[in-house]
Amino acid sequence: MALLYPKQYVSSLFDVDPDDLLRRGIRGILFDLDNTIVPRDVSRCPREITAWLEKLKQHGFKICIVSNNNTQRVRLVADALAVPAVCHAIKPLKRPFRRAMELMGTGPHETAIIGDQIFTDILGGNRLGLYTVLVSPLPGREFWATRLFNRRMEKFVLSRLKKRSYW
């Protein structure tokens with residue numbers, strides 16, 4: 001069960017403290033795409049999130065997108081943000097996370113993953129020892145399987161975490 005527990009849980013990307021990440025030795029940040037940095041039904045990154053990601057780059061963080069979505073969708077956003085990306089990731093497999101760290105030149109102990117799903121982003125990151133941050137999903141349409149399966153199971157995991165006063 002511990003592999004499903006994020007190290008940090010925030011309501012918004014803006015609640016992630018770059019200075020705290022630096023103190024933890026984090027130099028690279030992997031981001032999920034859909035419902036983490038952009039709503040699933042939107043192909044342009046909102047201005048405030050683009051500015052926030054630029055702020056992270058100015059802090060010296062390397063950034064990479066890791067998404068289960070298709071190449072065309074992921075590249076559209078990644079190219080606009082000028083960041084590398086791993087598409088068709090099949091998270092929570094370890095391979096896409098390793099590939100993203102290779103692109104950034106970081107190792108597991110200095111890499112964080114920020115995503116909105118426990119069974120893809122958090123599980124995959126924890127399997128490699130990354131610093132895992134669960135963010136509340138952005139509003140908007142979700143992939144049918146995420147809505148029907150993952151979100152229901154996530155409610156169970158989150159309720160257990162809250163009962164244990166995990167945060």
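## An aromatic trio

Phe14, Phe31 and Trp52 form one aromatic cluster. This comes from a predicted model, and searching the whole structure turns up 2 aromatic pairs. One of them joins phenylalanine 14 to tryptophan 52: the geometry is edge-to-face, with 6.2 Å centre to centre and 85° between the planes. Phenylalanine 14 sits in the loop between β1 (8-10) and α1, while tryptophan 52 belongs to helix α2, so this pair ties together parts that are 38 residues apart in sequence. As for solvent, phenylalanine 14 is partly exposed, at 42% relative accessible area, whereas tryptophan 52 is buried, at 8%.

Then there's the pair of phenylalanine 31 and tryptophan 52, which is edge-to-face too, at 6.1 Å centre to centre with 85° between the planes. Here strand β2 provides phenylalanine 31 and helix α2 provides tryptophan 52, so the pair ties together parts that are 21 residues apart in sequence. Both phenylalanine 31 and tryptophan 52 are buried.

## Helix α2, the home of Trp52

Helix α2 covers residues 47-58, 12 residues in total, and spans 16 Å from first C-alpha to last, close to the 16 Å expected for it. Which of its residues are buried? Ile49, Trp52, Leu53 and Leu56 are. These four cover an arc of only 95° around the axis, which puts them on the same side of α2. Flip to the other side of the helix and you find Arg47, Glu48 and Gln58, which are exposed.

So what covers the buried residues of α2? The cover includes two helices, α1 (18-23) and α3 (71-81), along with strands β2 (28-31) and β3 (62-66). After α2 comes glycine 60, with a positive phi near 100°.

## Phe31 and the cores

In soluble globular proteins, nonpolar side chains tend to be buried together. In this model the largest nonpolar core has 30 residues, and the ones with the most contacts inside it are Phe31, Ile37 and Ile65. At least two residues of this core come from each of β2, α2, β3, α3, β5 (111-115) and β6 (131-135). There's also a second, separate core of 12 residues, with Leu30, Phe97, Met104 and Leu128 among its members.

Back to phenylalanine 31: who are its contacts, once neighbours within four places in sequence are set aside? From α2 there are Trp52, Leu53 and Leu56. From β3 come Ile63, Cys64, Ile65 and Val66, and from β5 Ile113 and Ile114. Leu13 and Ile37 complete the list.

## Two cysteines, no bond

How many disulfides does the model have? The count comes to 0. The sulfur of cysteine 64 is 9.0 Å from the closest cysteine sulfur, in cysteine 87, and that is too far for a bond. Cysteine 87, likewise, is in no disulfide.

Are these cysteines buried or exposed? Cysteine 64 counts as buried at 0% relative accessibility, and cysteine 87 counts as buried at 18%, because the cut-off for buried is under 20%.

## Backbone oddities

Most residues other than glycine have a negative phi, and most peptide bonds are trans. A few spots here go against that. Asparagine 35 isn't a glycine, but its phi is positive, about 70°. You'll find asparagine 35 in the loop between β2 and α2, where it is buried with a relative accessible area of 4%.

The loop between β4 and α4 is worth a look as well. Isoleucine 90 lies there and has a positive phi of about 55°. Isoleucine 90 is exposed, with a relative accessible area of 54%. That loop, between β4 (85-86) and α4 (94-104), also holds proline 92, and the peptide bond from lysine 91 to proline 92 is cis, with omega near 25°.

## Stepping back

Zooming out, the protein has 6 helices and 6 strands, and from the N terminus on they run β-α-β-α-β-α-β-α-β-α-β-α. The protein is 167 residues long, and 51% of them count as buried. Take the contacts between residues at least 6 apart in sequence: 68% of these join residues at least 24 apart.

Terms used: Residues numbered from 1 in each chain as written. Predicted model: local features only at pLDDT ≥ 70, side-chain atom pairs only at ≥ 80, totals over all residues. Heavy atoms only, no water. Expected span 1.5 Å × (residues − 1). Buried < 20%, exposed > 50% of the residue type's maximum accessible area, 1.4 Å probe, protein only. Arc of directions from axis to C-beta. Contact = heavy atoms within 4.5 Å. Core = buried A, V, L, I, M, F, W, Y, C linked by side-chain atoms within 4.5 Å. Phe/Tyr/Trp six-rings, centres within 6.5 Å; stacked < 30°, edge-to-face > 60°. Disulfide = S-S within 2.5 Å.
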